[in-house]
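Colleague: Please take me through the local features of this model, and show me how each of them should be read.

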Amino acid sequence: MSSVSPATRRAPGPRIESADWPTLAVAAATYTAYALLTWFYHILPWWLVLAGGGYVVCLHGSLQHEAVHGHPTRWPWVNALVVFPSLWLWLPYSHYRETHLAHHRDERLTDPADDPESYYVSPADWAAMGPLHRTIRRTLTTLAGRLLLGPPYAVWRAAADAVQAARRGDRRHLRHWLWHAPAVAVVLVWAIGICRIPPAEYVLLFAYPGLSLTLLRSFAEHRAAAAVAQRTAVVEAGPAMGLLYLNNNLHALHHAEPGLVWHQRPRRYRARRDELLAANGGYRFRGYGEQFARYLFKGKEPTVHPLATV
């Protein structure tokens, strides 16, 4: 029998909880599908690469979201390693983690001054925008605009934030990009150096559609409302879209229980459905097709936050 007491015994290394094996299985399937699509890129039809590449890159983004919330392990650095390669190239994982956790301060949800993921603008920022920027922001309130212009706009905003951080000497922000460099390099070495995919084609067939699908998920996730619970939607999507977003389409449940792992959300949602829909004022969509039908060319929300005063 060991003479070392439980209090002084060395803590075990990183351990995968049994409930999180599904997350690791999805990660393995995602990287396998990505490897096959890129390795056989030159013999596959472009439309298959576009569909598969967009789906896989978006799914990887959903895995990053799970990692932010503590899955598949209880060790943040292990979770970061699981999603380390930046398949969509544009956003540092550590920066996303920081801003997304800030987004979960529900009392500030949708407020453009305090919610880093808000697509609203303040009256002051709107007044300072030029005509072209205002037109772009209005277009982003439509689903077509979010899917087509959203990806380059998001990349431009991230680049502009990085430049501003460099100018003001914000070392913490710059460290996000420093750690992001190898995450991008490993993808570029594989996709461009080994698989010989032209850079522009990788962007157009993998990164762009992957980010566009991610923006489809976030398009109607939140709305401005006085009651915090009424700001977050539920999209009752089918299995393919549920898997793509790792059930984050059940977004009101995610904000109510942010630590709940993705594969437990459907059952939990069924148990709490009436309660959640009563709390969020029935802010619900019957799948993403309903959003296309209602908002493809029609703005869903005003550009300026309707409850903002400055």
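Modeller: Let us start with burial, for which Asn247 is a useful case: with a relative accessible area of 12%, Asn247 is buried, where buried means under 20% relative accessible area, exposed over 50% and partly exposed in between, with a 1.4 Å probe and protein chains only. Please keep in mind that this is a predicted model, in which local features need pLDDT of at least 70 and side-chain atom pairs count only at pLDDT 80 or more, while totals for chains, interfaces and linings use all residues. Residues are numbered from 1 along each chain as its sequence is written, and side-chain values use heavy atoms, with hydrogens and water left out.

Colleague: Where is the place of Asn247, and what is its phi?

Modeller: Asn247 sits in the loop between H11 and helix H12 (251–256), where helices (H or I, at least four residues) and strands (E, at least two) are DSSP runs numbered from the N terminus. Its phi is positive, at about 60 degrees, although Asn247 is not a glycine. Leu89, in the loop between H3 and H4, is another residue other than glycine with a positive phi, in this case near 75 degrees.

Colleague: Which residue just after H2 takes a positive phi, and which residues are joined by a cis peptide bond?

Modeller: Gly70 follows just after H2 with a positive phi of about 95 degrees. The cis peptide bond joins His71 and Pro72, with omega at about 15 degrees, and Pro72 belongs to the loop between H2 and H3.

Colleague: How many residues does H2 have, and what span is expected for them?

Modeller: The expected span of a helix is 1.5 Å times one less than its number of residues. H2 has 23 residues and reaches 33 Å from its first C-alpha to its last, close to the 33 Å expected. H2 is also mostly covered, since 17 of its 23 residues are buried.

Colleague: Which residue meets Glu66 in a salt bridge?

Modeller: Side chains of opposite charge can pair when their charged atoms come close. The side chain of Glu66 meets that of Arg265 in a salt bridge at 2.9 Å, N to O, the term being used for a side-chain nitrogen of Lys or Arg within 4 Å of a carboxyl oxygen of Asp or Glu. This pair links distant parts of the chain, with Glu66 in helix H2 (residues 46–68) and Arg265 in helix H13 (residues 265–279), 199 residues apart. Both partners, Arg265 and Glu66, are buried. The structure holds 12 salt bridges.

Colleague: Are the partners Glu236 and Arg284 buried or exposed?

Modeller: They fall in between: Glu236 is partly exposed, with a relative accessible area of 24%, and Arg284 is partly exposed as well, at 26%. Their closest N and O atoms are 2.8 Å apart. Glu236 lies in the loop between strand E1 (234–235) and helix H11 (239–244), and Arg284 in strand E2 (residues 284–285), so that the pair links distant parts of the chain, 48 residues apart. In addition, salt bridges that share partners join Glu257, Arg268, Arg272 and Glu275 into one network. Glu221 and Arg217 form a further salt bridge, with closest N and O atoms 2.2 Å apart, and both of these residues are buried.

Colleague: Which residues does Gln291 touch, and which does His176 touch?

Modeller: Gln291, in helix H14 (residues 288–295), is buried with a relative accessible area of 1%. Not counting residues up to four places away in sequence, Gln291 touches Leu143, Leu216, Phe219, Ala220, Val235, Phe285 and Leu296, contact meaning heavy atoms within 4.5 Å. His176, in helix H9, counts as buried at 8% relative accessibility, and with the sequence neighbours again set aside up to four places away, His176 touches Pro92, Ser94, His95 and Glu98.
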